[in-house]
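The exercises below are to be worked through with the sequence and the three-dimensional structure at hand. Each task is followed by a solution in steps.

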Amino acid sequence: MTSVPAPLGLLAELTHRCPLGCPYCSNPLTLDDRADELDAATWARVFREAAGIGVLQVHLSGGEPASRRDLLEIAAAAHDAGLYTNLITSAIGLDATRLGRLKEAGLDHVQLSMQDVDADSADRIAGYRGAHARKLAFARTVTELGLALTINAVIHRANIERVAAMVETAAALGAGRVEIAHTQYYGWALRNRDALMPTREQVDRAMHEMESIRARYHGRLVIDMVVPDYYARRPKPCMGGWARRSLNVTPSGRALPCHAAESIPGLEFWSVREHSLAEIWLQSPAFRAFRGTEWMQEPCRSCAMREVDFGGCRCQAMALVGDAAATDPACELSPHHARIQQLAEHDAAQARMEYAYRGRAISATPAR
Amino acid sequence: MPDTLPERPRLAPGVRLHFDKTREAWVLLGPERVIEAEGPAPEILKRCDGTRTVDQIIDELAALYAADRGEIAGDVTDMLGELVTKRMLV
């Protein structure tokens, strides 16, 4: 066993509360209660421990982190621990005054979600009337304050025809970076897959469009993509490898190798309430379960790409194949690859556009 | 590579130079980016403060390393150009 690499990033899910109800949310269907949330002092300790084991960047996320009244105290603690501090927000609950204070506390960067460029469509996706207009205003506030801005757009059937317009809008708002993230099907997104999945033709067109828009904005705007892996031939290197580069702490303090890891039955997660982050990183059973390549089966085990893509995503293998140690079926070398393509094509052909909004009452119809 | 470099380069908003104590290395941190700053890179980046011109930075580096200015100039402009393209420097 080679030595365990030090993590670079910490996703700090400060709360699962969120005013929006985006159907593509990757939070789990069972959300943590407010009463169970870690307090600011515990987060401050977690940040110091994170910096101590090599974490350089912290992503304050949720849910909506601004739903916490002590967000300023938490962000200041992250900065004081020496971490590059990124706020991932929907804009709801943040005004210029509050954002200005966050900047003074040392906030480095703001990532704002955008559901669409069409306001009606965006508000429908978010399940929140008026959200889009508030996001546009907020984006201007971010850049006026001199803060770095990323626009993150999650792509699915309802907005995939407008990927180019989303990049243009991000540029017009003064963003330095844009993420065009095709929906990854975990949590609420998996629940809503048949209402979100685009067709292969739509995906091909969007990818093609992105090539030309990338060339157009080269050197002016950083464009990062999250690829639509149900239609891919090779899997994504999920998390850059399990327990290799980053970790996630849930609102109530469970430390996870990735935000969907709790969808894998039988894994033992440790809490930051009971263990230091160093202990968790090195010793917790969940982190050790799929670290490295020892756990792999064929075709991963002997594959030349095993330390490039790490067999893809464990949670996706669990969700679609029923075995978390199997090759991610997004890989064409998986014996189940045909199945993921069938699922995508089946779901893309559905007319259903009614969402099970995240965190709201779930309708009786289960997703496949 | 961009056609021109900024006259007085500085780190872009959301970008900062940081000494990583765990890995004992200088890194440039930006939005979803960690770039290791190797060799003379930290000395160059420390001088990208929006007050020094590219020429001044080259002069200072040549003096610091007691090296040939022509050689240093190429290294500095290459590195700055690459970081401008990546939007880490403006």
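**Exercise 1. Positive phi outside glycine**

In which loop of chain A does Phe310(A) lie? Determine also its backbone phi and its burial.

*Solution.* It should be noted at the outset that the model is predicted.

Step 1. Phe310(A) is placed in the loop between α11 and α12 of chain A.

Step 2. Its phi is near 55°, a positive value in a residue other than glycine.

Step 3. A residue is buried if 20 or more other C-beta atoms lie within 10 Å of its own. Phe310(A) has 25 such atoms within 10 Å and is therefore buried.

Step 4. Ala243(A) can be treated in the like manner: its phi is positive, about 55°, although the residue is not a glycine. Ala243(A) is found in the loop between β7 and β8 (246–249) of chain A. With 25 other C-beta atoms within 10 Å, Ala243(A) is buried.

**Exercise 2. Cis peptide bonds**

Identify the residues joined by a cis peptide bond at Gly63(A) and at Pro299(A), and locate each site.

*Solution.* Step 1. Gly62(A) and Gly63(A) are joined by a cis peptide bond with omega about 10°. Gly63(A) belongs to the loop between β2 (57–61) and α2 (71–80) of chain A.

Step 2. The bond from Glu298(A) to Pro299(A) is also cis, and its omega is near 5°. Pro299(A) sits in the loop between α11 (285–289) and α12 (314–321) of chain A.

**Exercise 3. The buried side of a helix**

Which residues of helix α6 of chain A are buried, and against which elements do they pack?

*Solution.* Step 1. In α6(A), residues 163–172, the buried residues are Val163(A), Met166(A), Val167(A) and Ala170(A). They lie on the same side of α6(A), because they cover an arc of only 100° around the axis.

Step 2. The spacing follows a general rule: an α-helix has 3.6 residues a turn, so residues three or four places apart point the same way.

Step 3. The packing partners of these buried residues are β5 (148–155), β6 (177–182), α9 (200–216) and β7 (222–226) of chain A.

Step 4. One partner may be examined further: the axes of α6(A) and α9(A) come within 9 Å and cross at roughly 35°. To this contact α6(A) contributes Val163(A), Ala164(A) and Val167(A), while α9(A) contributes Ala206(A), Glu209(A), Met210(A) and Ile213(A). By class there are six nonpolar residues, no polar residue and one charged residue.

Step 5. After α6(A) comes Gly174(A), with a positive phi near 90°.

**Exercise 4. Two helix pairs**

Describe how α4(A) crosses α5(A), and how α2(B) crosses α3(B).

*Solution.* Step 1. Two packed helices are described by the angle between their axes and the distance between the axes.

Step 2. For α4 (119–126) and α5 (131–144) of chain A, the axes come within 7 Å and cross at roughly 105°. The helix α4(A) is therefore roughly perpendicular to α5(A).

Step 3. Ala119(A), Ala122(A), Asp123(A) and Ala126(A) of α4(A) meet Ala131(A), His132(A) and Ala133(A) of α5(A). This contact of α4(A) with α5(A) comprises five nonpolar, one polar and one charged residues.

Step 4. In chain B, the axes of α2 (54–65) and α3 (69–85) come within 9 Å and cross at roughly 125°. It follows that α2(B) is oblique to α3(B). The crossing of this pair is right-handed.

Step 5. On the α2(B) side the contact involves Val54(B), Ile57(B), Ile58(B), Leu61(B), Ala62(B) and Tyr65(B); on the α3(B) side it involves Arg69(B), Ile72(B), Ala73(B), Val76(B), Thr77(B) and Leu80(B). The classes represented between α2(B) and α3(B) are 10 nonpolar, one polar and one charged.

**Exercise 5. The contact between the chains**

How many residues does each chain give to the contact, and which element of chain B gives the most?

*Solution.* Step 1. Chain B supplies 17 residues and chain A supplies 18 residues.

Step 2. On the side of chain B that touches chain A, the elements giving two or more residues are β1 (16–20) and β2 (25–30) of chain B. β1(B) gives the most, with three residues.

Step 3. That side of chain B divides into seven nonpolar, four polar and six charged residues.

Conventions:
Residues numbered from 1 in each chain as written. Chains lettered and ligands numbered in written order. Predicted model: local features only at pLDDT ≥ 70, side-chain atom pairs only at ≥ 80, totals over all residues. Buried ≥ 20, exposed ≤ 12 C-beta atoms within 10 Å, placed from the backbone. Helix = DSSP H or I, 4+ residues; strand = E, 2+ residues; numbered from the N terminus. Arc of directions from axis to C-beta. Contact = placed C-beta atoms within 7 Å. Axes fitted to C-alpha atoms, helices over the stretch in contact; angles between N-to-C directions. Parallel < 35°, antiparallel > 145°, perpendicular 65-115°, else oblique. Left-handed = near helix turned anticlockwise from the far one by under 90°. Nonpolar A, V, L, I, M, F, W, Y, C, P; charged D, E, K, R; others polar.
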